[in-house]
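The exercises below are meant to be worked with the sequence and the coordinates side by side. Each one sets a task and is followed by a solution in steps.

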Amino acid sequence: MTHQNSIYGATAPAARFVIAILGHSRTMTLGVYFHEERRRPMRAALLQWLGDLADEATYGEDGPGEPDDVAAVRAIVPLIYEAARPYLIDANLLIREAAVHAAAMTLAAPELAVHIPKLVPLVCSTLSTSDYRGYRYLAEWCLVTWGVKPGPLPDPRISGPEPMDRPWAGGYSDDPPF
């Protein structure tokens, strides 16, 4: 549906399908999704994909793909925000992190920027304390982009040793690229 940040004709319909099934019980199936090493519910992976898609569609004026395809995805960015909203306070941390990521990525759309003040505390409390360094980087990037001085963000690695079964959670630089 996307490849190296490119958007295609099938991307918007696929995203609409993902939005429609997010609440289905089968999206709670644990697995290793995308090219990651961590196990998480499929719902978290789908929310992360929607957030990445919103980011791709709103990054720059032209967007990565044919203008009509990018416009179709931009048109559903508000739907991505609404789809992520119920999961912003989910009991499952991995789903909650992915939902905050998805919602935050939609806020580059001018019509959704009004939600920034509501998301700032969630970005600070959820993404900036994540074991996943990509989310920690994203927290700082969002806050700076939104004109919020992030100050010193918490570093979850200070709270204790990193479990050996989470190789993504530490031991590497937080500087991009990851």
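**Exercise 1. Determine the handedness with which α4 and α6 cross, and describe how the two helices pack.**

Solution. The model is a predicted one, and in it the crossing of α4 and α6 is left-handed. To place this crossing, recall that two packed helices are described by the angle between their axes and the distance between the axes. Here the axes of helix α4, residues 93-106, and helix α6, residues 133-145, come within 11 Å and cross at roughly 35 degrees. The next step is to list the residues that meet: α4 contributes Glu97, Ala98, His101, Ala104 and Met105, while α6 contributes Tyr135, Leu138, Trp141 and Cys142. Sorted by class, this contact consists of 7 nonpolar, 1 polar and 1 charged residues.

**Exercise 2. Set out the order of helices and strands along the chain, and characterise the protein as a whole.**

Solution. Begin with the count, which gives 6 helices and 4 strands. Reading along the sequence then yields the pattern β-β-α-β-β-α-α-α-α-α. For contacts between residues at least 6 apart in sequence, 58% join residues at least 24 apart. Turning to burial and surface, 44% of the 178 residues are buried, and the protein exposes about 9600 Å², of which carbon and sulfur atoms supply 59%.

**Exercise 3. Identify the residues with the most contacts inside the largest nonpolar core, and trace the surroundings of one of them.**

Solution. The largest nonpolar core has 48 residues, and those with the most contacts inside it are Leu47, Leu119, Val123 and Trp146. The elements that give two or more residues to this core are α1 (11-21), α2 (42-58), α3 (67-84), α4, α5 (116-127) and α6. Taking Leu47 as the example, and leaving aside residues up to four places away in sequence, one finds that Leu47 touches Leu22, Ala83, Ala84, Tyr87, Ile95, Ala98, Ala99, His101 and Ala102. Two of these partners, Ala98 and His101, are also among the α4 residues that meet α6.

**Exercise 4. Decide whether Leu46 is buried or exposed, and describe its neighbourhood.**

Solution. Leu46 lies in helix α2. Its relative accessible area is 15%, and because the cut-off for a buried residue is under 20%, Leu46 counts as buried. Beyond residues up to four places away in sequence, Leu46 touches Val18, Ile21, Leu22 and Thr27. A final check concerns Tyr33, which is 13 residues from Leu46 in sequence and 9.1 Å away in space, C-alpha to C-alpha.

Conventions:
Residues are numbered from 1 along each chain as its sequence is written. This is a predicted model: local features need pLDDT of at least 70, side-chain atom pairs count only at pLDDT 80 or more; totals for chains, interfaces and linings use all residues. Side-chain values use heavy atoms; hydrogens and water are left out. Axes are lines fitted to C-alpha atoms, for helices over the stretch in contact, and angles run from 0 to 180 degrees between N-to-C directions. A crossing is left-handed if the near helix is turned anticlockwise from the far one by less than a right angle, and right-handed if clockwise. Contact means heavy atoms within 4.5 Å. Ala, Val, Leu, Ile, Met, Phe, Trp, Tyr, Cys and Pro count as nonpolar, Asp, Glu, Lys and Arg as charged, and the others, Gly among them, as polar. Buried means under 20% relative accessible area, exposed over 50%, partly exposed in between (1.4 Å probe, protein chains only). Accessible areas come from the Shrake-Rupley method with a 1.4 Å probe; for residues, only the protein chains shown count as cover. A nonpolar core is a set of buried Ala, Val, Leu, Ile, Met, Phe, Trp, Tyr and Cys residues joined through side-chain atoms within 4.5 Å.
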